[in-house]
Amino acid sequence: MIDWKDKTLESYKSKGFAERSGFGKRPGLLIVDFINGFTDPASPLGGDFSAQLAATNAVLEAFRRDALPIAYTVIEYEPGFRDAGVFIEKVPSLAVLQRGSPMCAVDDRIEPKTGEYIVSKKYASSFFGTNLDTWFRNQGVDTCVIVGCTTSGCVRASAVDSLQYGYRTVVVRDGCGDRAEGPHEANLFDIDAKYGDVISLDECLTYVAGLRKPAAAGT
Amino acid sequence: MTEDLMQNTRRAYDNRLGFGSKPALLLIDFVEAYFDENCELYADVRPALDSALRVRDAARSAGVPVIYTNVVYHSSGVNGGRFFQKAMPLRHFVEGSPMGAWAAGLTPDPSELVISKQYASAFFGTSLASTLAAQRIDSVLLTGVTTSGCIRASCVDANSHGFIPIVVTEAVGDRHPAPHQANLLDMNAKYGDVVAEEEVLNYLAELGGAGHRHAAAE
């Protein structure tokens with residue numbers, strides 16, 4: 001599955017895709033759906049995302065050090081699932097995500113702290129039917145840094161909408177997980193080609209740390 | 001990875017939505033840029049357009065609304081935002097560019113709606129969702145280019161807005177087979193049904209037949 005990537009990327013680059021959209025001055029962190037329903041391998045929707053959660057903690061630490069905006073998404077549906085529309089008809093396993101179930105809670109390994117925002121959503125994109133755009137914009141966020149799961153589902157949809165709402169979009173490869181490697185890589189490829197920059201954890205930490213220098217020099 | 005891809009995908013996702021009772025047909029971004037070999041956006045998608053035109057004939061016969069999208073930017077590109085910065089070939093879609101003209105063979109009827117958009121999704125920043133809702137449309141038949149770009153984004157948004165997305169396999173195309181296949185897999189797993197042209201044509205024929213019977217009964 002993966003050997004197509006280099007060839008396709010070469011072709012895309014020669015045609016003017018996969019440009020760097022780069023980082024802005026004020027990033028917000030978007031942690032997509034690291035809830036028990038997805039991170040508990042016993043859940044029908046679940047996978048083992050231990051490594052991605054560890055990477056997310058490293059990003060969280062960097063954002064918290066500078067009090068940068070941090071948002072988590074969870075999926076939770078009302079009893080009866082009338083708020084789940086066509087999505088639950090297509091993916092009946094979403095029925096484990098009924099509001100109040102531990103399956104809807106953020107994984108303890110990345111426990112949210114006071115002042116961090118929890119966005120309740122119903123669909124793949126973190127922006128669809130939520131006030132995430134307003135929440136980020138009110139805090140001057142110009143760059144949306146994304147980790148979470150799954151790469152081929154809610155991360156991809158959120159990255160596309162992040163761009164469409166006008167943010168520079170950065171996806172941290174090490175912080176994103178999927179049930180299988182094929183869709184994971186294919187979707188990182190598409191995101192990097194068209195919607196945002198896919199970067200490593202190290203690059204992300206260097207970027208966030210680099211934001212502090214001008215402030216320090218000015219004081 | 002202990003479980004193979006298809007096995008895992010089937011476990012989490014193996015479900016069909018089925019056709020709706022009042023569809024609309026979307027032809028997404030079938031413009032010259034994807035058909036001109038000298039353009040960076042060229043994608044060898046003539047067969048996809050031919051398939052979409054067959055579906056369009058069937059849709060017209062069945063009285064199903066046909067809607068087209070294209071991409072149009074201000075000459076400065078300013079309304080293309082980050083997308084214009086990230087994907088350089090989008091400059092071919094500034095207002096008046098010959099690359100933004102309809103592909104040969106695709107002339108919208110004046111009675112059919114054209115929606116100009118600036119981003120990947122046909123729904124983002126456009127009136128498409130309310131237009132469909134006002135006509136009580138329950139499903140969208142998706143054709144066009146590219147599978148990994150605007151088709152994928154429009155499919156996800158169709159689902160989020162409450163419409164059943166039906167992707168017509170032969171009528172969507174991309175520059176490279178791998179992203180094409182990967183995105184068909186994702187869309188069929190989570191958002192809509194990826195269905196063969198023949199099945200869609202049969203569905204539209206039935207729908208047209210039912211409509212005519214209904215009209216005759218009145």
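## Strand β5 of chain A and its partners

In β5(A), A:Val171 is the bridge partner of A:Ile146. This is a predicted model. The strand that holds A:Ile146 is β4 (residues 143–149) of chain A, which runs parallel to β5(A) and is joined to it by 6 bridges. With β6 (residues 197–199) of chain A, strand β5(A) pairs over 3 bridges, again in the parallel sense. In that pairing A:Val172 stands opposite A:Ile199 of β6(A).

Is strand β5(A) enclosed by the rest of the structure or left open? Of the 10 residues in β5(A) (residues 168–177), 9 are buried, so the strand is largely enclosed by the rest of the structure. A residue counts as buried here when 20 or more other C-beta atoms lie within 10 Å of its own.

## Crossovers and helix packing in chain A

Two β-α-β units involve β5(A). In one, β4(A), helix α6 (residues 151–164) of chain A and β5(A) form a right-handed unit. In the other, the chain leaves β5(A), passes through helix α7 (residues 181–194) of chain A and arrives at β6(A); this crossover is right-handed.

How do the axes of α6(A) and α7(A) cross? They come within 9 Å and cross at roughly 10°. Angles under 35 degrees count as roughly parallel, and α6(A) is therefore roughly parallel to α7(A). On the α6(A) side the contact is made by A:Thr151, A:Ser152, A:Arg156 and A:Ala159. On the α7(A) side it is made by A:Pro183, A:His184, A:Asn187, A:Leu188 and A:Ile191.

## The sheet of chain A

The pairings above belong to an open sheet. In chain A, 6 strands are arranged in the order β3-β2-β1-β4-β5-β6, with parallel pairing. The edges are taken by β3 (117–121) and β6 of chain A; each has a single partner strand, so one side of each is left without a neighbour in the sheet. From one strand to the next the twist averages 25°.

Within this order, β1 (residues 27–32) of chain A pairs with β4(A) in the parallel sense over 6 bridges. A:Pro27 stands opposite A:Thr143 of β4(A) in this pairing. Helix α7(A) packs on the sheet, where it touches β5 and β6 of chain A, and its direction makes about 130° with that of β6(A). Helix α3 (residues 50–65) of chain A lies across β1, β2 (70–75), β4 and β5 of chain A and runs at about 140° to β5(A).

## The contact between the chains

Chain A gives 42 residues to the contact and chain B gives 38 residues. On the side of chain A that touches chain B, the elements giving two or more residues are α1 (4–14), α4 (85–90), α6, β5 and α7 of chain A. Which element gives the largest share of that side? The largest share, 7 residues, comes from α7(A). Helix α7(A) thus has three roles in this description: it is part of the crossover from β5(A) to β6(A), it packs on the sheet, and it contributes to the side of chain A that touches chain B.

## Chain B: overall form

Chain B contains 7 helices and 6 strands. Along the sequence they follow the pattern α-β-α-β-α-β-α-β-α-β-α-β-α. The radius of gyration of chain B is 17 Å, which agrees with the value near 17 Å for a compact globule of 218 residues. Its C-alpha trace spans about 55 × 55 × 30 Å along the principal axes.

Buried residues account for 50% of the 218 residues in chain B. Of the contacts in chain B between residues at least 6 apart in sequence, 78% join residues at least 24 apart.

## The sheet of chain B

In chain B, 6 strands form an open sheet in the order β3-β2-β1-β4-β5-β6, and the pairing is parallel. Strands β3 (113–117) and β6 (193–195) of chain B stand at the edges with a single partner strand each, so one side of each is left without a neighbour in the sheet. The twist averages 25° from one strand to the next.

Strand β5 (residues 164–173) of chain B pairs with β6(B) in the parallel sense over 3 bridges. Here B:Asp193 in β6(B) is the bridge partner of B:Ile166. Helix α2 (residues 46–62) of chain B lies across β1 (23–28), β2 (66–71), β4 (139–145) and β5 of chain B, and runs at about 135° to β5(B).

Technical notes. Residues numbered from 1 in each chain as written. Chains lettered and ligands numbered in written order. Predicted model: local features only at pLDDT ≥ 70, side-chain atom pairs only at ≥ 80, totals over all residues. Buried ≥ 20, exposed ≤ 12 C-beta atoms within 10 Å, placed from the backbone. Helix = DSSP H or I, 4+ residues; strand = E, 2+ residues; numbered from the N terminus. Pairing = 2+ DSSP bridges. Right-handed = clockwise from strand over helix to strand, strands pointing away. Rg over C-alpha atoms; globule rule 2.2 N^0.38 Å. Contact = placed C-beta atoms within 7 Å. Axes fitted to C-alpha atoms, helices over the stretch in contact; angles between N-to-C directions. Parallel < 35°, antiparallel > 145°, perpendicular 65-115°, else oblique.
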